[in-house]
Amino acid sequence: MGRGKLILVEGLDRTGKTTQTTLLLKKLSSQDAKLIKFPDRTTPIGKLIDNYLTDKEFHLPDQAVHLLFSANRWEVADSIKQLLLEGKIVILDRYVYSGIAYSAAKNIPGMDLKWCLQPDKGLLKPDLTIFLTNDNDNDDKKGFGEERYENVQFQKEVKNQFIKVFSELDSIDKESETLKIVNVTNKSIIQVEEEIWSFVQP
Ligand code: DGP
Ligand code: NA
Ligand code: NA
């Protein structure tokens, strides 16, 4: 049995990641696909992460937070590997790029790109990464929930960091055609779905 495929959908908040990964799962379900969302809040470390995100009084150093999100990916790494060995298609909703973008957005001295990348080293690389972006500057709070990172100023910085990561870090992935950028601005859910499908289908 051939190895399955690892398909990552990354993106800014409110670009429809969750909608699109769910639609993609539906479309692929005949081929035995599985959707895995990060952070996975059901694991032991995921529960800590959930506390951190939902309780702003829950204090953790930013370095520890970074390592926990990475550890959460490692907690699930073996089951992803197993699914791929079984020939399944694994769709990821967020992964290592979120790890870099959210930590780098905090602008903590010493937590540079190199530091941030280290703990995720060795995790399986996606066969295809689709980055959902938009042109809106998130100038209003519309659509934000109550969790820790959900404020206008921080989201702007996360967007800058995502763009930086994908333009600087991934020139290699772009050349090998494993990175696709989808700008969702003024597109309907169906249009974005079709664009994503055009990359997944081959
Ligand atoms: P979500 O359930 O997709 O809304 O993610 C929860 C929040 O956690 C969201 O604000 C994005 C953030 N996040 C996701 N992955 C990481 C990560 O690896 N590191 C950090 N610092 N934040 C992350
Ligand atoms: Na989401
Ligand atoms: Na969120």
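At 12% relative accessibility, Gln 161 counts as buried, the cut-off for that label being under 20%. The model is a predicted one, and this glutamine is a handy place to enter it. Gln 161 sits in helix H6. Leaving out residues up to four places away in sequence, its contacts are Ala 101, Ala 104 and Ala 105.

Glu 157 belongs to helix H6 too, a helix that covers residues 152–169. Its relative accessible area is 26%, so Glu 157 falls in the partly exposed class, which lies between the 20% and 50% limits. Along the chain, Glu 157 and Lys 106 are 51 residues apart, yet their C-alpha atoms are separated by 8.1 Å.

Ser 98 comes next, in helix H4, which takes in residues 96–104. With a relative accessibility of 7%, Ser 98 is counted as buried. Once its neighbours within four places in sequence are set aside, Ser 98 is found in contact with Glu 10 and Phe 162.

A loop position gives another view. Gln 118 is in the stretch that links helix H5 (113–117) to strand E4 (128–133). Its relative accessible area comes to 44%, making Gln 118 partly exposed. The C-alpha atom of Gln 118 is separated by 9.5 Å from that of Ser 70, a residue 48 places away along the chain.

Helix H2 shows how burial can be arranged around a helix. H2 runs over residues 44–54, and its buried residues are Gly 46, Ile 49, Tyr 52 and Leu 53. Looking down the axis of H2, these buried residues fall within an arc of 115°, so they line one face of the helix. The general background is simple: an α-helix has 3.6 residues a turn, so residues three or four places apart point the same way. Pro 44 and Lys 47, on the other side of H2, are exposed. As for what sits over the buried residues of H2, the cover includes helix H3, residues 62–85.

Stepping back to the whole chain, the secondary structure adds up to eight helices and five strands. Read from the N terminus, the order of elements is β-α-β-α-α-β-α-α-β-α-α-β-α. For 202 residues, a compact globule would be expected to have a radius of gyration near 17 Å, and the chain, at 17 Å, agrees with that. Along the principal axes, the C-alpha atoms fill a box of roughly 45 × 40 × 30 Å.

Of the 202 residues in the chain, 47% are buried. Contacts across long stretches of sequence are well represented: among contacts with a separation of 6 or more, 79% come from residues 24 or more positions apart. On the outside, the accessible surface of the chain is about 10,600 Å², and carbon and sulfur atoms account for 54% of that area. As for charge, the chain carries 28 positive and 31 negative charges, and the mean positions of the two sets are 1 Å apart.

How values were computed: Residues are numbered from 1 along each chain as its sequence is written. Chains are lettered from A and ligands numbered from 1 in the order in which they are written. This is a predicted model: local features need pLDDT of at least 70, side-chain atom pairs count only at pLDDT 80 or more; totals for chains, interfaces and linings use all residues. Side-chain values use heavy atoms; hydrogens and water are left out. Buried means under 20% relative accessible area, exposed over 50%, partly exposed in between (1.4 Å probe, protein chains only). Helices (H or I, at least four residues) and strands (E, at least two) are DSSP runs, numbered from the N terminus. The arc is that of the directions from the helix axis to the C-beta atoms. Contact means heavy atoms within 4.5 Å. The radius of gyration is taken over C-alpha atoms; the globule rule is 2.2 Å times the number of residues to the power 0.38. Accessible areas come from the Shrake-Rupley method with a 1.4 Å probe; for residues, only the protein chains shown count as cover. Lys and Arg count as positive and Asp and Glu as negative; His and the chain ends are not counted. The place of a charge is taken as NZ of Lys, CZ of Arg, CG of Asp or CD of Glu.
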